[in-house]
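Colleague: I would like to go through some of the labels used for this structure. Please give the reasoning behind each one.

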Amino acid sequence: MIQVTTSTYGKAGSKPIDYLNEQGIEFRTNPYGRKLTEDEAIELLADVEGVIAGTEPLTKNVLSKLPDLKVISRCGTGMNNVDLEYAKERGIPVLNTPDVHVDAVAELALAGTLCLLRNIVSGDQEIRDGNWNKVMGMSIYNKNIGLIGFGKVGRKFAELLYPMTGNIFYYDPFVDFDESCDAESVELDKLLSISDVISIHVPYTDENHYMIGEEELNMCKSTVKIINTSRGGLIDEESLYKFLKNTPQAGAYLDVFENEPYDGPLKELKNMVLTPHTGTSSMATREEMEYQAAVNLVKAFNK
Ligand SMILES: NC(=O)c1ccc[n+]([C@@H]2O[C@H](COP(=O)([O-])OP(=O)(O)OC[C@H]3O[C@@H](n4cnc5c(N)ncnc54)[C@H](O)[C@@H]3O)[C@@H](O)[C@H]2O)c1
C-alpha cells in the first residue's frame with residue numbers, strides 16, 4: 001500500500017493517478033486535504049511501504065514508528081521536512097522532483113512583486129470596504145531587485161525581471177560568478193540596504209533559520225518589498241510583523257510560513273499579502289510534479 005500525503009494530488013490533472021493505476025499500485029490519498037501533523041503522519045503511514053510525500057514532518061520520531069516504510073518520494077524539491085540522515089540510516093531512499101517547480105515559483109515571486117509595488121490586494125480590499133482610494137504605487141522599471149539565493153528559482157526570476165529592470169543583485173556565497181549573467185553579486189548587508197525588492201530563494205536549513213530578522217530588516221529601505229516563496233522559518237515572522245507595523249510604506253508577500261496552515265498576526269496588516277503555499281499550484285506544473293513523484297516511487301521499488 002502507498003500513501004499519498006501531498007494534499008492536492010490528482011486535482012490538477014489525471015496523469016499521476018492514471019500512471020499509478022496503470023502500474024497496478026494500490027494507493028490512498030490524503031483524507032485531511034491539508035498538511036499533516038506528526039501524529040496524523042504516524043497514523044496514516046503506519047501500514048504503508050511507500051509515501052508520495054508533501055511537506056509534512058517526516059522526522060525521526062515519525063519515521064521510527066514506520067517499520068514497513070521502504071521509499072519516500074517527495075512531490076517537490078525542498079527536503080527540510082524529511083530527516084535525511086535517519087532515512088539513510090534506515091536504508092530508506094528519499095527522492096524528489098528537483099526541477100519542475102522552477103518556472104511556477106519564479107512566476108509567483110514576480111506576481112507577488114507586482115502586487116506589492118502596485119497595491120493590487122490592498123486596492124481590491126479598499127473597494128470591497130466601500131472606498132475608492134487611489135494609492136500611488138511604484139513601477140518596477142529601474143528598481144533595485146535583491147535576490148537572496150541564486151539557484152534555479154533565483155536565476156529564473158532574474159530572467160523574468162530583465163526586460164523590466166536591469167538592476168538585479170544577488171547574494172549567494174555558494175555559487176560561482178557567472179559571466180553570462182547580468183546580475184551583480186553583492187554581500188548580504190549591501191543587498192539589504194540598496195534593494196527596493198528583496199526576494200528569498202534559499203532552502204530552509206538550520207543555518208538559514210531566521211536569516212532575515214530584526215537586524216536585517218532594520219538595514220532595509222523604508223519602502224522595501226520583501227518576498228518569500230521559499231520556506232517559512234527563513235524570515236522571523238515576529239520581527240517582520242513589528243517592522244511592517246512601524247514601516248507602513250514597506251510591504252511583504254509570503255507564500256510560506258513557519259507554521260502552516262498560517263493563522264497569525266500578519267493577517268492584520270494591510271501592507272502584507274499572503275498565499276497558502278501555492279508556489280507550484282499551477283495546473284501543468286502540479287500535474288507534472290505529481291507524475292514525476294509517482295515515477296520516482298515506482299523506479300525506487302523496482303531497483
Ligand atoms: N513555495 C513553494 O511552493 C515552493 C516550491 C518549490 C520550491 N520552493 C523553495 O524554493 C527554494 C529554492 O529552490 P531552487 O530550486 O532555486 O533551489 P536551488 O537549490 O536551485 O537554489 C538554492 C540556492 O540557495 C543558495 N543558498 C543556500 N543557502 C544560502 C544562504 N544562506 N545565503 C544565500 N544563498 C544561499 C544555494 O547556494 C543555491 O544556489 C527551495 O529550497 C524550496 O524551499 C518553494
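Colleague: What does the side chain of threonine 165 reach?

Modeller: In this predicted model, the side chain of threonine 165 reaches the backbone oxygen of lysine 143 at 2.8 Å. A polar contact needs a pair of N or O atoms within 3.5 Å. Threonine 165 lies in the loop between α7 and β7 (168-171).

Colleague: Why does threonine 165 count as buried?

Modeller: Buried means under 20% relative accessible area. Threonine 165 has 2% relative accessibility, so threonine 165 counts as buried. Apart from neighbours within four places in sequence, threonine 165 is in contact with Ile140, Asn142, Lys143 and Ile145.

Colleague: What makes proline 248 exposed?

Modeller: The label requires over 50%. Proline 248 has a relative accessible area of 58%, and is therefore exposed. Proline 248 sits in the loop between α10 (237-246) and β11 (251-254).

Colleague: Why are α5 and α7 called oblique to each other?

Modeller: The axes of helix α5 (residues 102-117) and helix α7 (residues 152-161) cross at roughly 55° and come within 8 Å. Under 35 degrees would count as roughly parallel, and 65 to 115 as roughly perpendicular. The angle of roughly 55° fits neither range, so α5 and α7 are oblique. The crossing is right-handed.

Colleague: Which residues of α7 make the contact?

Modeller: Lys152, Val153, Lys156, Phe157, Leu160 and Leu161 do so on the α7 side. On the α5 side, the residues include Val102, Asp103 and Leu110. By class, the contact of α5 with α7 has nine nonpolar, one polar and four charged residues.

How values were computed:
Residues numbered from 1 in each chain as written. Predicted model: local features only at pLDDT ≥ 70, side-chain atom pairs only at ≥ 80, totals over all residues. Heavy atoms only, no water. Axes fitted to C-alpha atoms, helices over the stretch in contact; angles between N-to-C directions. Helix = DSSP H or I, 4+ residues; strand = E, 2+ residues; numbered from the N terminus. Parallel < 35°, antiparallel > 145°, perpendicular 65-115°, else oblique. Left-handed = near helix turned anticlockwise from the far one by under 90°. Contact = heavy atoms within 4.5 Å. Nonpolar A, V, L, I, M, F, W, Y, C, P; charged D, E, K, R; others polar. Buried < 20%, exposed > 50% of the residue type's maximum accessible area, 1.4 Å probe, protein only. Polar contact = N/O pair within 3.5 Å; in protein donor to acceptor, adjacent residues only side chain to side chain.
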